[in-house]
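This report describes selected features of one protein model for a reader who is new to structural analysis. Please keep the sequence and the structure in view while reading.

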Amino acid sequence: MSNLWIKCLVPLLLIAFLQEGIAQPASSGRGTSKPNIIFFLTDDQRWDALGAAGNTIIQTPHLDKLARAGILFQNAYVTTSICCVSRASLLTGQYEAYHNIHDFSTDFTQDALSQTYPVLLKKAGYRIASVGKFGVGKNPPHAMYDFWVDTEEGGKGQPDYIITGDDGNPIHDTDTLNNAIQKFLSNYGNTGKPFCLSVSFKAPHEQDGHPPKYIIQPAYRDYYKDITIPEPVTADPKYWEQLPDFFRTDTNFARARWQGLLGTPSLFQENVKNYYRLITGVDDVVGNTMKKLRELGLDKNTIIIFMGDNGMFLGEHGMEGKWYGYEESIRVPLLIYDPNMPDKIRQYKASQMALNIDIAPTILAMAGVQAPKQMQGLNLMDLALNKLPERNEFFYQHYFLGSPRIPKVEGVVTKEFKYMNYIEHNYEELYDVKHDPHETANLADDPQYKSQLSALRKRYRSMQKIYGVSAEKRAKAKTVF
């Protein structure tokens, strides 16, 4: 080979090498292929019911591993703490006033359904699957999905924990979902098309009753048996007694469900332990899913998102349930694991405020799909990368049923303060959540906080005009669940 030929060839090889490097950077194992996306959603899992969040009792090793390797959002919230509304917000990226799901009976319109993240992904070439509780309306849109396992039995709203399996034997909801995930991945994982699998557990939702119960898988009955669960700070009766008269009634759903546990420490212990046992069962499903992805060679190109649809009182303020604007009710776990995420946000405990309305635009962005303009959430990856300004506040709303069963509430949540207004009674709450994280002292009548109250009232009225639901529509949100 002549020296002239070598001189000509070397630059060409160098250019080719550089072009190849640009097309497939060394830090990314994905290249130009679309990622697979799995979104796990639990029911009623509060933010601190996760080992990675600092809970030293609960056992969630698989989720903790994903949280440590990816992004753990430490301040994730829902804009409405009830299943049907929150799930509609997750699917549409919208506040309640915009997606118009106010109860358990109303279905999405066809137009609204076409703008949910799974359907938009399907239009973009994804296979879409839904496993578990859809949670919106009475007529779930199974025909629009490539794979569908519905545990609600015709949209009845809340699946049973124990159902009859394909073999005629009883099976727990968590095991049903585990089997469905394995089947989907085996049949659709390597078809050459990217997929988005949305998994919705019943766990750790209570089996409604007075007192509520948690129906666990037998394999988990011995978990936590030798551990004593500490009582919440605000389980002290004085915190229930300081609430207003309209709220402090036995008709209040959250109080009625707690009544059966009052004064019975053993019931409280068993109740919380079973709640934890259900979450550990979910964690094992996540572990099984990760194992299957590795076996199929899909683990390097599959994004995992995990979130709770709302929180849960476990005795705080003398209540069992959610709905109201306290941290235990509205704050949820949220983690994102992307095997190809930039190193700068890998192993990141994000302090930025994240919301359930952020899930849809985030998933679409991950798939390279433009989010519709009507989506009100943010791309959480851009937020973590500081490509977007931090959110300083959000509007909270809950209208279902109303007083005396569940008094309706609206408010504004900021990083330092929380303002809530029980709109049927014009009763205000103001909490300094930075210095009073358990929300023990309502500062609305404290003259030292007059300026903060005034500023938040003003902000509340402004946001209410944008995000609030009209009184006419609120009055219709009375369907019994």
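## A four-stranded sheet and its surroundings

In strand 17, tyrosine 427 is the bridge partner of tyrosine 422. The model is a predicted one, in which local features need pLDDT of at least 70 and side-chain atom pairs count only at pLDDT 80 or more, while totals for chains, interfaces and linings use all residues. Residues are numbered from 1 along each chain as its sequence is written, and side-chain values use heavy atoms, with hydrogens and water left out. Helices (H or I, at least four residues) and strands (E, at least two) are DSSP runs, numbered from the N terminus.

Strand 16 and strand 17 pair in the antiparallel sense over six bridges; two strands count as paired if DSSP finds at least two bridges between them. Both belong to an open sheet of four strands, in the order 14-15-16-17, with antiparallel pairing. Strand 14 and strand 17 stand at the edges with a single partner strand each, so one side of each is left without a neighbour in the sheet. The residue ranges are as follows.

| Strand | Residues |
|---|---|
| Strand 14 | 393-398 |
| Strand 15 | 409-414 |
| Strand 16 | 417-422 |
| Strand 17 | 427-432 |

All four strands are among the elements that cover the buried residues of helix 14, and helix 4 (96-99) is another. Those buried residues (under 20% relative accessible area, 1.4 Å probe, protein chains only; exposed means over 50%, partly exposed in between) are Leu453, Leu456, Tyr460, Met463 and Tyr467. They cover an arc of only 100 degrees around the axis, which puts them on the same side of helix 14; the arc is that of the directions from the helix axis to the C-beta atoms. On the other side of helix 14, Lys450, Ser451, Lys458 and Lys465 are exposed.

Tyrosine 422 is also one of the contacts of tyrosine 324 when neighbours within four places in sequence are left aside; contact means heavy atoms within 4.5 Å. Other residues in contact with tyrosine 324 include Phe247, Phe313 and Tyr396. Tyr324 and Leu121 have the most contacts inside the largest nonpolar core, which has 93 residues. Such a core is a set of buried Ala, Val, Leu, Ile, Met, Phe, Trp, Tyr and Cys residues joined through side-chain atoms within 4.5 Å. Helix 3 (residues 83-92) gives the most to this core, with six residues.
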